[in-house]
Amino acid sequence: MQTFGGAGSPGRPLVIVAADPASPEALQLMAELSAILEAITGDGGRNSFKPEDVAGPRGRFVIARAPEGAPLGCGAIRPLDEAAGIAEVKRMYARPGTKGVGSAILAHLEEQARGLGYAALWLETGLVNQRAVAFYERRGYRRIPNYGGYVGRPQSVCFEKRLRED
């Protein structure tokens, strides 16, 4: 169990659990994320994630919950390059006013990725989303050349965090 400093309640326990990305709660959280991303970047990112991306044994989708069970945020990792040991972070979201929840979700996903044998996590966010850019940089992610479908998209910025040194 991890703790977070939610609005007016520092140090409350936070539970992060594996979840079905097609569940009503997960779909609601991702819809909220998409609406926010749409407002910030003009693209909600709906087409960059499919629930089956995390359905295999090397993928994860998680929901963070308050002690009373209310969903506070979500995140996922999916295999990106199995040969190179790279997973991709997807659908990172913490509801507004839930300070520390995003950090807890990301730390949990990093721990899960290490346990699955991944050497690195990669992710993409919109360059205009300076809050997200700063969030990842503060957590040790470094900019890398755009990869995959983000190559040639100047509005995208990609990051990597090494989980182990080979």
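**Figure 1. The hairpin of β3 and β4 in the predicted model.** In this predicted model, strands β3 and β4 form a hairpin with 5 residues between them, and Gly69, which lies in the turn, has a positive phi of about 105°. The two strands, β3 covering residues 60-65 and β4 covering residues 71-81, pair in the antiparallel sense over 6 bridges. Two of the facing pairs can be located by residue: Val62 has Gly75 of β4 as its bridge partner, and Ala64 stands opposite Gly73, also in β4. Both strands are mostly covered, with 5 of the 6 residues of β3 buried and 8 of the 11 residues of β4 buried.

**Figure 2. The hairpin of β4 and β5, with Gly85 in its turn.** Strand β4 is joined to β5 by 7 bridges, and these two strands run antiparallel. They form a hairpin with 4 residues between them, and Gly85 in the turn has a positive phi of about 70°. Is Gly85, in the loop between β4 and β5, buried or exposed? At 9% relative accessibility, Gly85 counts as buried, because the value falls under the 20% cut-off for that class. Leaving aside residues up to four places away in sequence, Gly85 touches Tyr118, Ala119 and Ala120. Val133 lies 48 residues from Gly85 along the chain, and the C-alpha atoms of Gly85 and Val133 are separated by 23 Å.

**Figure 3. Glu88 of strand β5 and its polar partners Arg78 and Tyr147.** Glu88 is placed in strand β5, which spans residues 86-94, and is buried with a relative accessible area of 1%. The side chain of Glu88 is joined to the side chain of Arg78 by a polar contact of 2.7 Å, and to the side chain of Tyr147 by a polar contact of 2.6 Å. Arg78 is also tied to Glu88 through the pairing of the strands, since the bridge partner of Arg78 in β5 is Glu88. Beyond residues up to four places away in sequence, the residues that Glu88 touches are Ala76, Ile77, Arg78, Leu80, Trp122, Leu123, Tyr147 and Tyr150.

**Figure 4. Arg91, a residue of β5 with a positive phi.** Further along strand β5 is Arg91, whose phi is near 50°, a positive value in a residue other than glycine. What is the relative accessibility of Arg91, and how does the residue count on that basis? The value is 10%, and Arg91 counts as buried, because buried means under 20% relative accessible area.

**Figure 5. Lys161 of strand β8 and its contact with Glu110.** Lys161 is found in strand β8, which covers residues 156-162. With a relative accessible area of 17%, Lys161 is buried, because this value is under the 20% limit. A polar contact of 3.3 Å links the side chain of Lys161 with the side chain of Glu110. Apart from residues up to four places away in sequence, Lys161 touches Glu110, Ala119, Ala120, Leu121, Arg139, Gly140 and Tyr141. Of these residues, Ala119 and Ala120 are also among those touched by Gly85, the turn residue shown in Figure 2.

**Figure 6. The largest pocket and its lining.** The largest pocket has a volume of about 1100 Å³. Of the 42 residues that line this pocket, the closest to its centre are Leu33, Leu37, Met92, Asn129 and Ala132. Which elements give two or more residues to the lining? They are α1 (24-41), β5, α2 (101-115), β6 (120-126) and α3 (130-138). Strand β5 gives the most to the lining, with 7 residues. Sorted by class, the lining has 18 nonpolar, 13 polar and 11 charged residues.

Definitions and conventions:
Residues numbered from 1 in each chain as written. Predicted model: local features only at pLDDT ≥ 70, side-chain atom pairs only at ≥ 80, totals over all residues. Heavy atoms only, no water. Buried < 20%, exposed > 50% of the residue type's maximum accessible area, 1.4 Å probe, protein only. Polar contact = N/O pair within 3.5 Å; in protein donor to acceptor, adjacent residues only side chain to side chain. Contact = heavy atoms within 4.5 Å. Pairing = 2+ DSSP bridges. 1 Å grid on protein atoms, 1.4 Å probe; cavity = no way out; pocket = protein on both sides within 12 Å on 5 of 7 lines; lining within 4 Å. Points joined across faces, edges and corners; volume = space filled by probe spheres on them. Nonpolar A, V, L, I, M, F, W, Y, C, P; charged D, E, K, R; others polar.
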